[in-house]
Amino acid sequence: MFGLFQLKKIFQLNDNFFYWLKITFLSLIIFGLILSLVVSPKDYLQGDTVRIMYVHVPASWLALMIFAAMGISSIVTLVFKIRVFTIYTKSLAPIGFTFSLISIFTGSLWGQPTWGTFWTWDARLTSMLVLVFFYIFYILSWKFIKNFFVAEKYSSILAIIGLANLPIIKFSVEWWNTLHQPASIKLTESPAIHSSMLMPLLVMFLGFSIFVLFIFFIRYKIEILKLQESKLNKVLKK
Amino acid sequence: MSPSRKKRISYFLVSAVVVLILGKFIFNSLQKNTIYFFSPTDLLLNSETPRGLIRVGGLVKRDSIQEKKSEAIYTFVVTDLKNDIYVEYKGILPNLFQEEKGVVVEGVLKDKKFLLGKTILAKHDENYMPPEVAEALKKSGKWNKKYDQ
């Protein structure tokens, strides 16, 4: 069973696998873009501005999900000392960081025509900005701490603390008065979003997710190669 | 002390200062903004009238928008369906500012029933649908009141 957690297991994935991953990602994104930019209708209130949502919402979901994965795998790192989880977390961080930036950037592009402002300090927007800073500090902790084992410890602690922020982001729109609207898609209710707009959103989300997987494998490989380069054989063996 | 250690310590100090400043900044704005806006009822229940810039949110009451064309001054009523507040605003209204839709007005209270608006933010709800569907729902009488928030 522990064979799964060997660091170099990834090199058994052949080029064919990556080729098909790439094809799936590209076709989903192209299909999703056609759906969201051409096929899907305008919104009855917002008009064409609604199309920003097809990038904004998947990016925000992934920014949150990736940090959740990082936090959980950091707990595994600290508690069970399975090194492969450290590398998972480290490889995921820049991807999540990029998506959190995309989320904030597209959100403010949408906010200007809809609300009348690029930015406001309501609970949702502020807690999302806090997430961006958690990503930044996580990445910086690996850059500034040179010793692998010390960096592993402190970056994991940072990711675990950051977990506390995730429910705040998710429920901020229900707990407090915010300018940001509540979620349109909930697990317990039928979505408040018309099916002709829900379809492109889900296709885009799927496409983005495959993209995350693809970049994640590349980053993971790079991290392993870096470890080999820096002769941290002690790390690799464990 | 070795140069690399010196470097690391200075990095650490700089980031610690940055973290502290940011923490203070975020904490302050969360303190102030977890109540992002008051409803007209909140204001009435408050024993004293809040001073300075505050935000009031609710629905724009039907048929309450009036315009003084010469000066671009708008007056309207914001309601939470229990209590109302009268708003006067000079400037450009956002596109989504409509009767019976959500709005957040930033401004100064003259008294509990009168707000001098400085900024108007249109609040958008979680409902998304094509115009034809909205039209059809209104016609068939299945238009849910919650779409008007």
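So, strands 3 and 4 of chain B: this is a predicted model, and in it strand 3, residues 73–79, runs antiparallel to strand 4, with seven bridges joining them. If you look at the end of that pairing, Thr79(B) sits opposite Asp84(B) of strand 4. The two strands make a hairpin, and there are four residues between them. One residue to click on in that turn is Leu81(B), which has a positive phi of about 75°.

Okay, what does strand 4 of chain B pair with besides strand 3? That would be strand 6, residues 114–122, and here the strands run parallel, joined by four bridges. To find your way around, take Tyr89(B): its bridge partner in strand 6 of chain B is Gly117(B).

Now stay on strand 4 of chain B, residues 84–90, and look at the side chains. Which of them are buried, and which are not? Ile85(B), Val87(B) and Tyr89(B) point to one face, and those are buried. Asp84(B), Tyr86(B), Glu88(B) and Lys90(B) point to the other face and are not buried. That's the textbook pattern, really: in a regular strand, side chains alternate between the two faces of the sheet. So Tyr89(B), the one with Gly117(B) as its bridge partner, belongs to the buried face.

Carry on past strand 4 of chain B and you get to the loop that leads to strand 5, residues 102–111, and that's where Glu100(B) is. Glu100(B) isn't a glycine, yet its phi is positive, about 65°. As a reminder, most residues other than glycine have a negative phi. Is Glu100(B) buried or exposed? Somewhere in between: it counts as partly exposed, because it has 15 other C-beta atoms within 10 Å.

Chain A has a case like this too. Lys81(A), again not a glycine, has a positive phi of about 55°. You'll find Lys81(A) in the loop between helix 2, 53–80, and helix 3, 83–114, of chain A. Lys81(A) counts as exposed, because it has 11 C-beta neighbours inside 10 Å.

Last thing, the two chains together. How many residues are in contact between them? It's 33 from chain A and 31 from chain B. On the chain A side, helix 3, helix 4 (123–144) and helix 7 (195–229) each supply at least two residues. Helix 4 of chain A gives the most, with six residues. And by class, the side of chain A that touches chain B comes out as 19 nonpolar, 11 polar and three charged residues.

Note on methods:
Residues numbered from 1 in each chain as written. Chains lettered and ligands numbered in written order. Predicted model: local features only at pLDDT ≥ 70, side-chain atom pairs only at ≥ 80, totals over all residues. Buried ≥ 20, exposed ≤ 12 C-beta atoms within 10 Å, placed from the backbone. Pairing = 2+ DSSP bridges. Contact = placed C-beta atoms within 7 Å. Nonpolar A, V, L, I, M, F, W, Y, C, P; charged D, E, K, R; others polar.
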